[in-house]
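Student: I am new to this structure and would like a close look at a single part of it. Please take the stretch around the turn from the first strand into the second, and follow its side chains to whatever they meet.

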Amino acid sequence: DGTLVVDYGGGRWRLRWRAILDDDGLIDDLQAIEGGLPGGDEAILARYPLSAFPSLTEGPATAEAVAADAREAFRQRQLEDAEALLGDAPADVKSLEARGALRALVVDRAAGSAELLVDAFD
């Protein structure tokens, strides 16, 4: 067993999960690590069920495949949080997303604020 550490936002943040490995060193399951996600997400198990990681639904998977799922699952939950917590701001976030300029988003649920990492665009 070990820790799966996933860069998010070009390395600005890290997502950490406890990885349960099979005999071949493939990831068989993930467990939440307290403080493992940025933004103070305390409902990790409820918000990230196994189905949030498609690579694991068929059985053990490589760290790369699970990391890609973890990045996408976290991003989707952050977009949901932005919509739920930030009022009109999600329209701006969706505009950045549509332009392909939004690299990362972390919503601090406790503070009701967000930090965005965007690419420069005209």
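Tutor: What follows starts with confidence, goes through the charged and aromatic side chains of that stretch, and ends at the helix they lead to.

The model is predicted. Its average pLDDT is 83, and 91% of the residues score at least 70. Among the elements of the protein, β2 has the highest mean pLDDT, at 91, while α1 has the lowest, at 70. Where pLDDT is low, predicted coordinates should not be read in detail.

Begin with the charges. Side chains of opposite charge can pair when their charged atoms come close. The structure contains two salt bridges. In one of them, Arg14 is paired with Asp7, and the closest N and O atoms are 3.1 Å apart. Arg14 counts as partly exposed because its relative accessibility is 44%. Asp7, at 38% relative accessibility, also counts as partly exposed.

The other salt bridge joins Arg12 to Glu115, with 2.2 Å between the closest N and O atoms. Arg12 lies in the loop between β1 (2-8) and β2 (13-21), and Glu115 lies in strand β5 (residues 113-118), so this pair ties together parts that are 103 residues apart in sequence. Arg12 has a relative accessible area of 52% and is therefore exposed, the cut-off being over 50%. Glu115 has 32% and is partly exposed.

Arg12 has a second partner. Its charged end sits over the ring of Trp13, 5.4 Å from the ring centre.

Trp13 leads on to the aromatic side chains. There are three aromatic pairs in the structure. In one of them, the ring centres of Tyr8 and Trp13 are 5.9 Å apart and the planes meet at 40°, so the pair is tilted. Tyr8 and Trp13 are both buried. Ring pairs also bring in Phe74, making a cluster of Tyr8, Trp13 and Phe74.

Further along is another pair. Trp17 and Phe53 are arranged edge-to-face, with 5.4 Å from centre to centre and 80° between the planes. Trp17 belongs to strand β2 and Phe53 to the loop between α1 (44-47) and α2; the two are 36 residues apart, and the pair links distant parts of the chain. Both of these residues are buried.

The cluster member Phe74 is one of the buried residues of α2. This helix covers residues 63-85, which is 23 residues. From its first C-alpha to its last it reaches 32 Å, close to the 33 Å expected at 1.5 Å a residue. Its buried residues also include Val66, Ala67, Ala70, Ala73, Leu79 and Ala82, along with the charged residues Asp69, Arg75, Arg77 and Asp81. An α-helix has 3.6 residues a turn, so residues three or four places apart point the same way.

One more residue of α2 deserves attention. Gln78 is found in this helix, and its relative accessible area of 1% means that it is buried. Leaving aside residues up to four places away in sequence, Gln78 touches Arg47, Tyr48, Leu105, Val106 and Val107. Just after α2, Gly87 takes a positive phi of about 60°.

To retrace the path: Arg12 pairs with Glu115 and has its charged end over the ring of Trp13, and Trp13 is linked with Tyr8 and Phe74 in a cluster.

How values were computed: Residues are numbered from 1 along each chain as its sequence is written. Side-chain values use heavy atoms; hydrogens and water are left out. A salt bridge is a side-chain nitrogen of Lys or Arg within 4 Å of a carboxyl oxygen of Asp or Glu. Buried means under 20% relative accessible area, exposed over 50%, partly exposed in between (1.4 Å probe, protein chains only). Helices (H or I, at least four residues) and strands (E, at least two) are DSSP runs, numbered from the N terminus. The expected span of a helix is 1.5 Å times one less than its number of residues. Rings of Phe, Tyr and Trp (its six-membered ring) pair if their centres lie within 6.5 Å; planes under 30 degrees apart count as stacked, over 60 as edge-to-face and the rest as tilted. A charge sits over a ring if NZ of Lys or CZ of Arg is within 6 Å of the ring centre and within 35 degrees of the ring normal. Contact means heavy atoms within 4.5 Å. pLDDT is the predictor's confidence in each residue, from 0 to 100.
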